[in-house]
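Dear colleague,

I am handing over the structure we spoke about, and you will find it directly below. My notes on it follow, and I would be glad if you read them with the structure open beside you.

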Amino acid sequence: MSFDIDLQLVVGETRIACAFNSSAKLTALVGPSGAGKTSVLNAIAGLLKPASGRAAVAGDVLFDSANAIDLPPEERRAGYVFQDARLFPHQRVEANLAYGEKLTTAADRWITRGEVVELLEIGDLLGRWPATLSGGETRRVAIGRALLSAPGFLLLDEPLASLDAVRTERLALLIERIRDELAIPILLVSHSASEVERLAEQVVELDGPTSNATQGRSRDRKLKF
Amino acid sequence: MILSAAEWAVIALSLRVSLLAVLVTLPIAYALAWLIARRRFPGRMLLDAAIHLPLVLPPVVTGWLLLIVLGRNGPVGSWLEATFGITLVFNWLGAAVAAAVMALPLMVRAMRLSIEAVDRRLVGAARTLGASPFKAFLTITLPLSLPGIAAGAVLGFARSLGEFGATITFAANIEGQTRTLPLAIYSGLQMPGNEDAVARLAVIAIILSLGALMVSEWLVRRSQGSRAHVL
C-alpha cells in the first residue's frame, strides 16, 4: 500500500475529510480550489496537525490519533515539493540541494547529487541564487532538493502550474521518469485534468470542505494505461 | 583635533561601557525577540510591556528602579555583593548595566521585526527536509534575521553611547568610572570656559554614532546583498 490515508482536518472554520488508499506509483489528489488539497499534503508531511484520523505511507504510520502517534515532520521522510518551491533565499542552489542531503545518513540515501543534477538538468544552476531562477528552474531545484533528502515518498503540489507549454512538457516528462525509474510512491495535487490523465494511475477526488470519507473513497477510480 | 588624555579616557570608557552593554544584551534581546515573535504563551503581553518599559519611562525613573533593585541594599544588589563580591553602583559595570537596560527595548524591537519577517513556511520546508526545530532555527531563522541582529546591535550601541539619565541616577557621575561621553559633556557645560572641550566631545559622539551605523550597514550588505539596509 503506497498511501493509506483517513484524515479529518480543521483549517480555520472549515472541516476537511479525506480518505483513500492507493497502491499506485503516482496518485493524484484533485478537486476544486479551496477543497483543502494542500492542507491534506501538509497534514501528511506533518506541517498541519489533523483533528483526528490516521495516515500511513509505504507501510510507515506517520499519524494515528487513536494510538497517539504523531511523528514530527523531520521523521516522516516526506519529499515535499511545495507549490511555491520555498527554496532558501540565503543559500545558493547547490546549498539548497545539499540541505536535506546533509541531514540524512549515508545508509538512507538512494540517489546521489550527481544523479539528481543529471536527471533534473540543473548543473548550470548550482552557483545561482534562488531569486535569479525562472519558474521552471525553481521547480526543478525544489524537486532535486526533495529527492536528495532521501524521502520515502514524494508530495508534489501543483508541480506544473503557471509554467509555459514548453516547460510544462519538460517537467511532465521529468515527473514521468521519477515515477517510472524511482521506486517511491508519489502523491500529486493538481487541478489540471490533462496533467492528471497523463501522470496518475489512481485519482482521488476531494470535493470541498464538506466531503467525507465515503465520498472520497467512492470517487476513487483507476485509470487505464 | 587634539584631545587631552582625560578626553581620550572618556572615549575609551564610553566604548568599553557601550560594547559590554551591547554584547551582553545581544543574546538576551534575541531570545526575548524570538519568544515574542514566535511563541504564544500566557504573560506574553506582560513580558512585551516590561521590555518596553525603559523606552517609555523617564530614564531617571529607570535609574532609580535599578538603584532600588541592584543597589547595595537592593534584593539583587546585596545578593551579588554577598555571593560574588560585585557591586554595580558607582563603577563602570553599573554604567554598562544602565546602558544595557536602556538599550534592550530598541534591540528587541529591531530583532523581533526581522524574525517576524522570516517566512515561517521556509522553516516548515526545512523540517520536511529532516531538520529538527533547533537545526531549522540555526540554518533558516537565525541567518535570515541577521540584518535585524545588526540593526539591533547598532541601535543598542548608539543608545548605550548616549545613555545619560539612568546612568547618572544609578551609577553616578564619577570621573574615570562612570563619566561617559554624555556625562562628560554635561559636566563640561556646568563650568564656564569649557566650550572647546564640550565641542570636541560632541564631535566625537557624532563620529562614533555615524561610524557604528556605517559599520553595521557594511556588515549587512556583505551578508545580504547590496539592497539590504540596517534601518
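How many helices and how many strands does chain B have? Chain B has 11 helices and 0 strands, and its pattern along the sequence accordingly reads α-α-α-α-α-α-α-α-α-α-α. Please keep in mind throughout that this is a predicted model. Taken along the principal axes, the C-alpha atoms of chain B fill a box of roughly 65 × 45 × 30 Å.

I turn next to the interface between the chains. On the side of chain B, 18 residues are in contact with 21 residues of chain A, and the two chains bury about 1,600 Å² between them, with 68% of that area on carbon and sulfur atoms. The residues of chain B that lose the most area to chain A are Arg127(B), Thr128(B) and Leu129(B), which together account for 41% of what that side buries.

As for polar and charged pairings, the count between chain B and chain A is 2 salt bridges, set against 22 salt bridges in the structure over all chains. One of the salt bridges joins Arg121(B) to Asp84(A), with the closest N and O atoms 2.7 Å apart. This pair crosses between chains, for Arg121(B) sits in helix α6 of chain B, while Asp84(A) lies in the loop between β7 (78–81) and α2 (93–102) of chain A. In addition, 5 residue pairs are found in polar contact across the interface of chain B and chain A, both partners being at pLDDT 80 or more. The elements of chain B that give two or more residues to the side touching chain A are α6 (120–128) and α7 (133–144), and by class that side has 10 nonpolar, 5 polar and 3 charged residues.

One further feature of chain B deserves a look, namely a nonpolar surface patch. This patch, of about 860 Å², is made by Val61(B), Trp64(B), Leu65(B), Ile68(B), Val69(B), Val76(B), Trp79(B), Phe84(B), Ile86(B) and Leu93(B). Which helices each supply at least two residues of the nonpolar patch? They are α3 (59–70) and α4 (75–84) of chain B, and the largest share, 5 residues, comes from α3(B). Trp79(B), one of the residues that make the patch, has its place in helix α4 of chain B.

With best regards

Terms used. Residues numbered from 1 in each chain as written. Chains lettered and ligands numbered in written order. Predicted model: local features only at pLDDT ≥ 70, side-chain atom pairs only at ≥ 80, totals over all residues. Heavy atoms only, no water. Contact = heavy atoms within 4.5 Å. Buried area = accessible area lost by both parts, 1.4 Å probe. Salt bridge = Lys/Arg side-chain N within 4 Å of Asp/Glu carboxyl O. Polar contact = N/O pair within 3.5 Å; in protein donor to acceptor, adjacent residues only side chain to side chain. Helix = DSSP H or I, 4+ residues; strand = E, 2+ residues; numbered from the N terminus. Nonpolar A, V, L, I, M, F, W, Y, C, P; charged D, E, K, R; others polar. Patch = residues over 30% accessible without salt bridge, like charges linked within 9 Å, V, L, I, M, F, W, Y side chains within 5 Å. Areas by Shrake-Rupley, 256 points an atom, 1.4 Å probe, with all protein chains shown as cover.
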